[in-house]
Amino acid sequence: MFQRIRSAAVYGLDAELVEVEAYIAAGLPKFLVVGLPDAAVQEARERVRSAILSSGFDFPNHHVIVNLAPADMRKAGPAYDLPIALAILLASGQIPAPEGELCFIGELALDGSLRSVRGALPIAEHISRSGIRELFLPACNAREASIISGFAIRPVTTLQDIVAHIRGQKELPVLREHLDFAQIRSEESFPVDFSEIRGQQFGKRALEVAAAGGHNVLFTGPPGSGKTMLARALPSILPPLEFTEALEVTKLYSVAGLLDEKEPLKITRPFRQPHHTASSAAIVGGGRIPKPGEISLAHRGVLFLDELPEFPRPVLETLRQPLEEGRVTIARVSATLQYPAAHIFLAARNPCPCGFAGDPERACTCHPSARVRYAKRISGPLLDRIDLHVTIPRLPVEELLHTEKGESSSIIRSRVINARKRQLHRAARTQVQTNSELRNRQLEKLVQVDADARALLETAVQRFQLSARAYYRLLKVALTIADLASSDEIKSEHVAEAVQYRGN
């Protein structure tokens, strides 16, 4: 007997509907799953068999074939357990055919209970556009899916419960609670406030400029100078996530399986800090069916690489294209996927292997050749993609102990938000959100530079021998400084400050 149940598959950040077909024929007992299943889907045979028997139903003692259509798309993960079990029960005549346009996803435990699955949010978003009337999914994924409206969500706890619902014995309740984005965004909090950071005014100002324009930053300074603390304070001055941005970030975390049940919608900008032993696949993303890496998980937030020269050179070189384009393309034999990667790249390094080159209090013990090798671990093209090069000196004891608290993050954040509003207004006809995303042609068209500022720009290009990319990045930083000053025109003082951040 042949029957069909509808499910869905995650493909990158999107989803596709999948037909789960079950056919029971006469013959020796055998259970086959076809349709390009991966190992996790193949193992569903044992989970489904055990869950059906543990829930008090009969598993057919015949030849059982399950097909996942379309057959030319690779299926991965355990989310097909529930629809496979229901298709078998339906084909064996143990339950009636469900009425209406329904979709089922969920991983089955051996006792018939349901576990959470990855990608519930992209699936829900796709279902809302596909005319599906109801989505049945594990109860722990229900709040995540409730971000999307337009269809009914029925949380499921066990296989027995959903069978009772299909038989009409007990109705599964529809989730009535939908997330109020404005309410949960008011709960936003940060681990570090700018008022907690003593001194380092130049570093704080650089982060304010970076937050306002979405610019990349490199901190150079001795150990203990406060580079990491400054970096961790950066999210506190970034503008709050808009709903569309929060949805995009949440989808990435849902696909990666990193979404917390207690936080079904990401309300704070991500701050990712991978260790320097991370591989290229961990940073960029990868796998047989590519999943997002750290540069995508930092989308609309901050990617912080501490001890930058300690990262392997091949890993650092993979950052060049994502930093330039704000997205990453992962090509595999089975799939080629694009993930967004528009973030602020923030890195920190010591000035030399021992960390004390240029320190007035401690002498550097490194050989000059060791310093050169250390500096060459970071390539010129990568440095060229970093807008702000900032030296963070060691704080004197007097300044560390007696300096009064500075501005709070909320005050700085208000200036950043105002600068971002100016950028959005100026580039209203484009899809650009920050100055760093402006293309060169857009920059020339939208920006006004007075004569003194243009002369200073020419001098900076000649003195520092800037590449074309570095010139336009310098111009973008000057534009952001002008936005912070509420100026409609780039002036010489804005260019002068931007030049200070070149660091060469």
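**Close-up 1. The exposed and buried sides of helix α18 in the predicted model.** On the face of α18 that is turned away from its buried side, the exposed residues Ser 410, Lys 421 and His 425 are carried. The buried residues of this helix are Ser 409, Ile 412, Arg 413, Val 416, Ala 419, Arg 420 and Gln 423. Seen down the axis of α18, these buried residues fall within an arc of 125 degrees, so they line one face of the helix. Among the elements that cover the buried residues of α18 are α8 (201–213) and α21.

**Close-up 2. The span of helix α18.** Helix α18 comprises the 18 residues 409–426, for which a span of 26 Å should be found at 1.5 Å a residue, and the C-alpha atoms at its ends are 26 Å apart, which agrees with that expectation.

**Close-up 3. The largest pocket and its lining.** The space in the largest pocket amounts to about 1000 Å³. Its lining is made up of 41 residues, and Glu 324, Glu 325, Gly 326, Ala 342 and Glu 437 are the closest of these to the centre of the pocket. At least two lining residues are supplied by each of α10 (243–256), α14 (320–325), β16 (336–340), α19 (440–446) and α21 (468–484), and α21 gives the most, with five residues. Divided by class, the lining of the largest pocket holds 14 nonpolar, 13 polar and 14 charged residues. Helix α21, which contributes to this lining, is also among the elements that cover the buried residues of α18.

**Close-up 4. The second largest pocket and its lining.** The second largest pocket has a volume of about 620 Å³. Lining this pocket are 31 residues, of which Val 10, Val 117, Arg 118, Ser 254 and Val 255 lie nearest its centre. Two or more lining residues come from each of β1 (2–11), α5 (142–145) and α10, with β1 giving the most, namely four residues. In the lining of the second largest pocket, 18 residues are nonpolar, six are polar and seven are charged. Helix α10 thus appears in two of these views, since α10 supplies at least two residues to the lining of the largest pocket and gives two or more to that of the second largest pocket.

**Close-up 5. Thr 459 in helix α20.** Thr 459 lies in helix α20, which runs over residues 451–464. The relative accessibility of Thr 459 is 43%, and because this value lies between the limits of 20% and 50%, Thr 459 counts as partly exposed. Thr 459 and Leu 247 are 212 residues apart along the chain, and their C-alpha atoms are separated by 44 Å.

Notes
Residues are numbered from 1 along each chain as its sequence is written. This is a predicted model: local features need pLDDT of at least 70, side-chain atom pairs count only at pLDDT 80 or more; totals for chains, interfaces and linings use all residues. Side-chain values use heavy atoms; hydrogens and water are left out. On a 1 Å grid over the protein atoms alone, a cavity is a set of points where a 1.4 Å probe fits but cannot get out, and a pocket is an open set with protein on both sides within 12 Å along at least five of seven lines; lining residues have an atom within 4 Å of a point. Grid points are joined across faces, edges and corners, and a volume is the space filled by probe spheres set on the points. Ala, Val, Leu, Ile, Met, Phe, Trp, Tyr, Cys and Pro count as nonpolar, Asp, Glu, Lys and Arg as charged, and the others, Gly among them, as polar. The expected span of a helix is 1.5 Å times one less than its number of residues. Buried means under 20% relative accessible area, exposed over 50%, partly exposed in between (1.4 Å probe, protein chains only). The arc is that of the directions from the helix axis to the C-beta atoms. Contact means heavy atoms within 4.5 Å.
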